[in-house]
4 protein chains.
Amino acid sequence: MTLGTPLSLVVMNEDQRPKDYGNKTMDRYPRPSHADFTYLAKYGVKASSGGGRSSARETIARVAAGAVAEKVLRETYGVEIVAFVAKVGNIDICPETEEDPVRSGNTKFMELLQTITKEEVDQFLPVRCPDAEVCEKMTELITKLKDENNSTGGQVVCVVKNCPVGLGEPIFDKLEAVLAHAMLSIPATKSFEIGSGFSGTTMKGSDHNDPFVSAPKPKDVDMAASTSTSAIPRSLLKTRTNHSGGIQGGITNGEHIFFRVGFKPPATIGIDQFTATYDGSDEGVLAAKGRHDPCVVPRAVPIVEAMAALVILDALMIQQSRYSLRGLIQG
Amino acid sequence: MTLGTPLSLVVMNEDQRPKDYGNKTMDRYPRPSHADFTYLAKYGVKASSGGGRSSARETIARVAAGAVAEKVLRETYGVEIVAFVAKVGNIDICPETEEDPVRSGNTKFMELLQTITKEEVDQFLPVRCPDAEVCEKMTELITKLKDENNSTGGQVVCVVKNCPVGLGEPIFDKLEAVLAHAMLSIPATKSFEIGSGFSGTTMKGSDHNDPFVSAPKPKDVDMAASTSTSAIPRSLLKTRTNHSGGIQGGITNGEHIFFRVGFKPPATIGIDQFTATYDGSDEGVLAAKGRHDPCVVPRAVPIVEAMAALVILDALMIQQSRYSLRGLIQG
Amino acid sequence: MTLGTPLSLVVMNEDQRPKDYGNKTMDRYPRPSHADFTYLAKYGVKASSGGGRSSARETIARVAAGAVAEKVLRETYGVEIVAFVAKVGNIDICPETEEDPVRSGNTKFMELLQTITKEEVDQFLPVRCPDAEVCEKMTELITKLKDENNSTGGQVVCVVKNCPVGLGEPIFDKLEAVLAHAMLSIPATKSFEIGSGFSGTTMKGSDHNDPFVSAPKPKDVDMAASTSTSAIPRSLLKTRTNHSGGIQGGITNGEHIFFRVGFKPPATIGIDQFTATYDGSDEGVLAAKGRHDPCVVPRAVPIVEAMAALVILDALMIQQSRYSLRGLIQG
Amino acid sequence: MTLGTPLSLVVMNEDQRPKDYGNKTMDRYPRPSHADFTYLAKYGVKASSGGGRSSARETIARVAAGAVAEKVLRETYGVEIVAFVAKVGNIDICPETEEDPVRSGNTKFMELLQTITKEEVDQFLPVRCPDAEVCEKMTELITKLKDENNSTGGQVVCVVKNCPVGLGEPIFDKLEAVLAHAMLSIPATKSFEIGSGFSGTTMKGSDHNDPFVSAPKPKDVDMAASTSTSAIPRSLLKTRTNHSGGIQGGITNGEHIFFRVGFKPPATIGIDQFTATYDGSDEGVLAAKGRHDPCVVPRAVPIVEAMAALVILDALMIQQSRYSLRGLIQG
């Protein structure tokens, strides 16, 4: 999390008009695909204005905590977490094609994950897609949808680099399971995949298995973790491919962790919509007049990074404890 | 979980040959894409034979507990949980096409979810894909891969019917997040999507939003939940479409919950594979000779159902408590 | 929690003088029996003034949450939680004597628990000991200690009335275990006992066992819980004595729950004290000049009530869920 | 946990006669002060014989796990955990007297805690009270009660030596709170106190505060923790007295942790007892004929040690993680 990111988050949000949500109509009609209806069903009470507690504004706390976690990860083990917008509507930074049906087997995509930095992503504000041409097309699409008072979804890819081996638990808290939990807890998300993901299900085992090779000696970096005896040592092996996405059996193998998160189109749009009254006694058209954001994906990038950092640091702290105590016994 | 299912699970597994795993070679070489390497990295010790604790055999306990949970769900609220194989390799019971790019908008697929039963799925043993023609093709593919000593992945779709409204928590434990956690904790899974999932990210908000309509009066069913004052009442609203997959704002809205889980091709294959020694000192070819299963997806069906049942019953117990106490205050 | 209680809490605290804590001396010397030293040992950083996060001021959040919990308990099952000061220094509202060595066998003490109300306790502000004569002596002692710039400890007794049967878990989360956890998490506490407590360890089993007797028909009270089918029913049995303190095998039996919490004398006193520098390089006398409270026990009363309410409501919600679902199955 | 301890546990238990519990009478009458009644109230089902799941036999799993935890604690930081029987009925290894009203101020008692070892305690089998004369009297009392078919309670004291500084959490999971939780989860316990405990509540602050003094240089011991850079360093301070019981502000200060646990007299006795039928329709006398143990306290000693070990190791693992990561940042 660079200092620039939360600022941009604020900037993009500055045109807040909460009072637009206060109309009488909304007191009677739940907005389609919002949490209005389910919150009332669950709690028996209704927020007096807008989405209330279901607003994505709650994620600000996650981003704040994540910034601290990212700093600890970087300063101890040199872990870097970078997320970017990979898809908006049908515009894809690296589409699956017939020749390259699986992104984890796509050379260009895997190179992008190797080299991408936060600084690079932030050069493509506000859309945060690190490919000038694709970013331009995404901007056009978002602008067009804004003019149409409509919205679209998108996908964020996140890579976690330099993660120590041995993080994650073997059964219920496999690292990918906890990452999926964290990502699907972000508002508007509908899907998660790690490594080869859904498209990897079509591969043969002989192609999908990641062969182990001897790791090059770790290069000398200026951080404690490279020399301290209490640091979890870098792996002696690498894998030639990385369809596993850096996790095998729920536990990190030292390769880059990468995953993809899908966000649905925002439910708030500036178009008349059909709905019914809360009590089902009437049906009708709801004219929503509030502020709307045609695509939340660019703003989700720092949230995805933050949640990844919190998950990885938790797993690191657990394994660091095991590793340190083991060292004290053997020492 | 019908009584037939665990039996079939056992039947498919009866040709166990654990001693095949005990060869000397495997003591020195981690098998590619297994948990051999990461378990050693994490714990500093190695299982003496095969995958040990990382074996999917641990899921038998989940299936046993899930059977109890499914029974409670059915007998209290008539909840039915049905999973089936939707894809093996490239063979798909309902492929995304240019005309129907999103399955949650595909009439045939959504009707299948409405009508499918466990009994129907079990008529398509051992593959568990409820479409005779597609199932036949899947069987052929699996047979072919078995002959080639290779493997492939696949996808399981699960639907949870008649779930009461109000289940799930608003922030970190959104129901889809906990479901994703549970599903990604099943061995060999790489991906999860709910409702419109990844393909829904390309839709416009105006198409993706699920309009509310008045619900038909609940039909009289022969169960306590339909009459008891302590039962969470059925919703007064329905939605015309169900891109949300039965969950909005992390909380059930009473529509069917449906999700998809992707399984990678099994790592154990009967083909020589490149790998390196644990200590990175040598590289070479590992000749695995053990039993192998060319496609785990059919056997994953009851595991997916079991984990879904455990998640839903947990959420139901939490909401049942809130609802009952609220009733005692208002009464 | 009556509205009066938090107010009195504020009143008693109004003479705050935080700047007194800011002296240079305290930067070098940890105050004896404060958390200064252990916090530095744990976190490696020091609060810049006073006790910082270890201040009992954090309990205000517990009292706020407890007030809500107490309200829910009262309005659903008529549960009443009353705590009072039972001992200050050596002055005891009901001392253990040779004739009455165990308070749970002391008729007068057990009657007090039956009849005591929050309103009665609040008539004895600020000391909160519901016996005029004893309260007077306690006030004198506290005043004397204040003049001496010294402090003393004390004990709080808490009774939970009308608790439904079946609350608490059988093994690790026995209700008395969770209550002990909650009480020992209150600053300055050193001890906890339930029912017959420490002195009951000297009894014979034949005297300690609480004989069951038939319960009188529950009297008609004006609350939902007495009539609703989803309410946990009142017990058909009572016990003649209550050495168990309302909990048997970790689970409530419907009798009054009562327990005692011991608070050490406050560490902050207005007397010169011996200590050493944080680094152990020097020893010397620390002259603490800050505000001090000669006895915290009266102010602990609402905190004890609040923590009890949170524990009991948690246990009630868990059991209410089980009970309601069971009813839906059997119904 | 020495290897001798679980053996002795088995020896003391060898005269099991479970079939004695199977009489018809017990199906209708709950045994006084057992969990028969509350388990039925909670679960709606009854164990077919004896106490079933509420039997203290479940603690065997705690002792097994505790043995591993004790080993890790000893081999990493030289932590030693020793418990012993301090009181049976009215026979007390160190009674509170008028001259010595607080045990944490009693020189002889505090010296006992300094020097006591597991080996010494095991010399006083089966009663486990490390004072020949007192032990003799306890044996006589237990024998007498056995002859009378009656039972009595008792108290166990436990000391944890060489615990590193900084263990425990500041608010809800103060180390004494978690210890209290663990101890009160042991069957038949009614009370817990740490350090000065209940009697310390009568002291003045000026006497109760533990003055800090410079610590002597840690003596060279043959263990990794004394030299490894990843080991939590020993404290530079000691306290002259230890009324705090080794914990201040919820966090260890490096002094010995000591606490006391009270056990009620066993409910199972060989004497006719009054009780009522489960449904309250009848009252009568229950003639229990099963095996009974006149005093469980000696057998509780290894259970107390085991639970202490589990709590301390958990806290150590948490703090070890913090400490190690901090070292990697500062390094």
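In the predicted model, strand β4 (residues 189–194) of chain A and strand β4 (residues 189–194) of chain B run antiparallel and are joined by three bridges. Within this pairing across the two chains, Ser191(A) has Glu193(B), a residue of β4(B), as its bridge partner.

The contact in which these chains take part draws 86 residues from chain A and 86 residues from chain B. On the side of chain A that touches chain B, the largest share, amounting to six residues, is contributed by helix α8 (residues 175–184) of chain A. When the residues on that side of chain A are sorted by class, 39 are polar, 33 are nonpolar and 14 are charged.

Considered by itself, chain A comprises eleven strands and ten helices, and 53% of its 331 residues count as buried. Among the contacts in chain A with a separation of 6 or more, 78% are accounted for by residues that lie 24 or more positions apart.

The relation between chains C and D was examined by superposition. Chain D is brought onto chain C by a rotation of 180°, accompanied by 0.0 Å of shift along the rotation axis, with an RMSD of 0.0 Å. The two copies are therefore related as by a two-fold rotation axis. The same surface serves both copies, in that 100% of the contact residues of chain D recur in chain C.

Key: Residues numbered from 1 in each chain as written. Chains lettered and ligands numbered in written order. Predicted model: local features only at pLDDT ≥ 70, side-chain atom pairs only at ≥ 80, totals over all residues. Contact = placed C-beta atoms within 7 Å. Helix = DSSP H or I, 4+ residues; strand = E, 2+ residues; numbered from the N terminus. Nonpolar A, V, L, I, M, F, W, Y, C, P; charged D, E, K, R; others polar. Pairing = 2+ DSSP bridges. Least-squares fit on C-alpha atoms with pLDDT ≥ 70 in both. Buried ≥ 20, exposed ≤ 12 C-beta atoms within 10 Å, placed from the backbone.
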